[in-house]
Amino acid sequence: MHPFASYVLRSYYQATGWNEDNLYSNLTRSSTAILDFTLPRGLQFNISKSPNSLFRTTYSMNALPSLNGSVGYIFTSCDLDVKGSNSVRFKDMIDRFKVYDAPRRPEGREEVWQGGERVDTRDYLLYGRIYVPTARLDALYSTRLSRSVQLSIAGISTPPTQARSLASGQTQRQQRQGGSSQADPSNVMVSLQHDTGRWCSEYSWSANDGMWGARVLHNFGRLADDGGESGSGRERVKRVDEEDAMEGGLKGRFSAGAEVYFSAREKSGGVSTGLRFTTLPDATPPSFQVPSSAPDAASTLGIAPSQPPTTLTATYNPIMGHLSTAYAARVSRDLSLCSRFDFNIYSYESEWTMGAEWWMRRGSKGKEKEEPGVPQGLVSTHPALVNHETVTTLVTIAPPSPGPQSSPPAEEVQGVVKARVSTNTEVAIMWESRLRNALFSLGVVSDLSNRSKPIRSMGLEIAYFSSG
């Protein structure tokens, strides 16, 4: 599950109108959500509190395998609607398979003028966390410089005693492996992102190794702001003598990107390219226009969409010779499958990874509420998708047949089970759910090739947070 700080950061992006999905670093986000999920290690407890809409605190403790903890504080310049763990939408806390909306231009803050002068300020977020007993300090500052430009500065600071112990241990390991020992546990990273909807570029700099990087992503097709595929949702009226077109295959859009980076300290660099194809969502409003407090989208009906939500990605690093292709699709309302093949053209090493994501639901008692102010003859249960999640839409249908029409009861998402298996004999299973007012995650990793110790690691994480 997402840490509380990540949940607040995503809420901040949504409140300020920034599209974090339109980045080259998130090109393979749909497949990695199923195949590269992070399992808890040992026993972890997380408690967070939001005393007001601007300030938040978070505490964490690891009881196993060693006892340590951390304390964090988050402050934002704008009000955020952060829910408690008992009322937050469960899918908002899970990194899941999702076909994202069509790219859109970032939304800017409305200008405020008084006496001929602009008095509004830029939105920003401040985050800090200190770890005990290592006294390591993490910090993050994010602000919007303009409507399409965002600046982020992240830092890691380690006390000199801890830095020397970490450096000495790393030096011994690297000397045994024949590598260099120029690692510094403290670092400052600067990232500047420029998003226009169709193009998104990111420039980064790291003080640790003097690494400079540039990433760019281009989206083909129309933008959501241009009334494209996820615009108004209106369909063209067919003529009486017009026949249905025989169409095959998947309808979607392409995105292509690349990255280049160079390390001044190591005197080395790298480059990678990527391509993504994703299906078009059905004609419904974009998900950023739908409040997160809305009931779970897939809770109404399980009718299949017009085309299966699908994402295909391919990335290639010509210097390392690494090629990775992934295919992810939602085969039913509650089941998503993914397959990825990694291959190195120089060493001919390969790996095949398969994964699944299954959502568990619990039926709620009572009947669904009817659409207010809409005649029953105009209510249809044909599903449309907001991020490929079913909602009830209004379409004109024939008059209902005599007799009462009852809708199926709504079903609430109770949890999700993720599993992956690869040709390197590793099997991982994780179960995430809500228990009363808390969220928990339970996972286990096993190694099928090791008969003496088949269980490599297992862990349990419990998170509780409340809002004032």
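Buried, for a residue, means under 20% relative accessible area, while exposed means over 50% and partly exposed sits in between (1.4 Å probe, protein chains only). With that rule, Arg-29 and Glu-20 are both buried.

Before going further, a word on what you're looking at. This is a predicted model, where local features need pLDDT of at least 70, side-chain atom pairs count only at pLDDT 80 or more, and totals for chains, interfaces and linings use all residues. Residues are numbered from 1 along each chain as its sequence is written, and side-chain values use heavy atoms, with hydrogens and water left out.

**The chain as a whole**

The chain holds 23 strands and three helices; these are DSSP runs (H or I of at least four residues for helices, E of at least two for strands), numbered from the N terminus. It has 468 residues, and 39% of them count as buried. Take the contacts (heavy atoms within 4.5 Å) between residues at least 6 apart in sequence: 61% of these join residues at least 24 apart. As for surface, about 25900 Å² is exposed, and carbon and sulfur atoms supply 57% of that. Those areas come from the Shrake-Rupley method with a 1.4 Å probe; for residues, only the protein chains shown count as cover.

**Salt bridges**

A salt bridge here is a side-chain nitrogen of Lys or Arg within 4 Å of a carboxyl oxygen of Asp or Glu. The count comes to 16. Here are some with buried partners:

| Pair | N to O distance | Burial |
|---|---|---|
| Arg-29 and Glu-20 | 3.8 Å | both buried |
| Asp-342 and Arg-340 | 3.6 Å | both buried |
| Glu-357 and Lys-418 | 3.8 Å | both buried |

The Glu-357 and Lys-418 pair links distant parts of the chain: Glu-357 belongs to strand β17 (residues 350-363) and Lys-418 to strand β20 (residues 411-422), 61 residues apart. Back towards the N terminus, Arg-29 and Glu-20 are part of a network of salt bridges that also takes in Arg-10 and Asp-21.

**Helix α1**

Arg-10 brings us to helix α1, which covers residues 4-16. How far should its 13 residues span at 1.5 Å a residue? The expected span is 1.5 Å times one less than the number of residues, so α1 should cover 18 Å, and its end C-alpha atoms are indeed 18 Å apart. Its buried residues are Phe-4, Ala-5, Tyr-7, Val-8, Ser-11, Tyr-12, Tyr-13 and Thr-16. An α-helix has 3.6 residues a turn, so residues three or four places apart point the same way. Just past the end of α1, Gly-17 has a positive phi of about 80 degrees.

**Loops with unusual backbone angles**

Two cis peptide bonds to proline are worth a look. One joins Leu-64 and Pro-65, with omega about 0 degrees, and Pro-65 sits in the loop between β2 (55-64) and β3 (68-76). The other runs from Val-132 to Pro-133, with omega near 10 degrees, and Pro-133 is in the loop between β6 (124-132) and β7 (137-144).

That β6 to β7 loop also holds Ala-135, which has a positive phi of about 60 degrees despite not being a glycine. Is Ala-135 exposed or partly exposed? At a relative accessible area of 35%, Ala-135 is partly exposed.

Lys-267 is another non-glycine with a positive phi, about 55 degrees. You'll find Lys-267 in the loop between β12 (252-263) and β13 (268-279), where Lys-267 is exposed, with a relative accessible area of 64%.
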